[in-house]
Amino acid sequence: MGEKINIKCGNIRLEGILHQHSRSRGAIVCHPHPLYGGNMENPVVKTIVRAFCERNITCLRFNFRGTCNSTGMFDNGNGEQEDVLAVLSFLAQAGYEQIWLAGYSFGARVNAAVVSQRGVSQGCEIKDHIMVSPPVGFMSFDDIETLPHTGLVITGVDDEIAPASLIQDHLNRWKISPRYEIIDNCDHFYSGRLDRLKAVMTDYLP
């Protein structure tokens, strides 16, 4: 089920759910675009969380500012980067030394900006950066100049929002070679393919 928690980000309060397992290894999972109904209850987000939990990695999912009961207002991916940093700080202060940063769709775009532009220290080590359907066909990634720590990228062969060939172009531009999984018969919403997504995640995670 997980424990309901609140995380402060300046004067904003972010609601989250903490799935406790390890005391030293933690993961943060970020949700898709809130203006299109995305929140931490999204089925893809919950599937990613289950994969981390199966590997005994504590997992924290949360709602970005202005989403459901998180206060504040949607900030087009800018303030949302501050949200991610606040959640990273929360886990670091709780003693988590190694943190996986995972995001789906808009969440992947926000995390990419954090990893590329913010340096992400926050008192912890980014163990790995995972992108699920980064929306390169819907949002510009041109300002993302480098993506260190990126170990896994997943998309669907029928995903028009995160087209496989365009993602590959970006991977080439970033000069990184993560494990890149393209799931057959899979659209952006992983309709009927959530089990396959979870299998890829659990196979990859230590």
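In this predicted model, Leu35, Tyr36 and Phe138 form a nonpolar surface patch whose combined accessible area is about 390 Å². One member of the patch, phenylalanine 138, belongs to the loop that connects strand E6 (125-132) with strand E7 (150-156). Its relative accessibility is 44%, so phenylalanine 138 is classed as partly exposed.

The strand that follows this loop has another setting. Seven of the seven residues of E7 are buried, and the strand is therefore largely enclosed by the rest of the structure. E7 pairs with E6 in the parallel sense over four bridges, and histidine 129 stands opposite threonine 150 in E7. E7 is also joined to strand E8 (residues 179-183) by five bridges, again in parallel; here glycine 156 faces isoleucine 183 of E8. Together with helix H4 (residues 164-174), E7 and E8 make a right-handed β-α-β unit.

Aromatic contacts link further parts of the chain. The structure holds six aromatic pairs. In one of them, the ring centres of phenylalanine 74 and phenylalanine 106 are 6.0 Å apart and the planes lie at 45 degrees, so the pair is tilted. Because phenylalanine 74 sits in the loop between strand E4 (58-62) and helix H2 (79-93), and phenylalanine 106 in helix H3 (residues 106-117), this pair ties together parts 32 residues apart in sequence. Phenylalanine 74 is partly exposed at 26% relative accessible area, whereas phenylalanine 106 is buried at 1%. Phe62, Phe64, Phe74 and Phe106 form one aromatic cluster.

Note on methods. Residues numbered from 1 in each chain as written. Predicted model: local features only at pLDDT ≥ 70, side-chain atom pairs only at ≥ 80, totals over all residues. Heavy atoms only, no water. Patch = residues over 30% accessible without salt bridge, like charges linked within 9 Å, V, L, I, M, F, W, Y side chains within 5 Å. Areas by Shrake-Rupley, 256 points an atom, 1.4 Å probe, with all protein chains shown as cover. Salt bridge = Lys/Arg side-chain N within 4 Å of Asp/Glu carboxyl O. Helix = DSSP H or I, 4+ residues; strand = E, 2+ residues; numbered from the N terminus. Buried < 20%, exposed > 50% of the residue type's maximum accessible area, 1.4 Å probe, protein only. Pairing = 2+ DSSP bridges. Right-handed = clockwise from strand over helix to strand, strands pointing away. Phe/Tyr/Trp six-rings, centres within 6.5 Å; stacked < 30°, edge-to-face > 60°.
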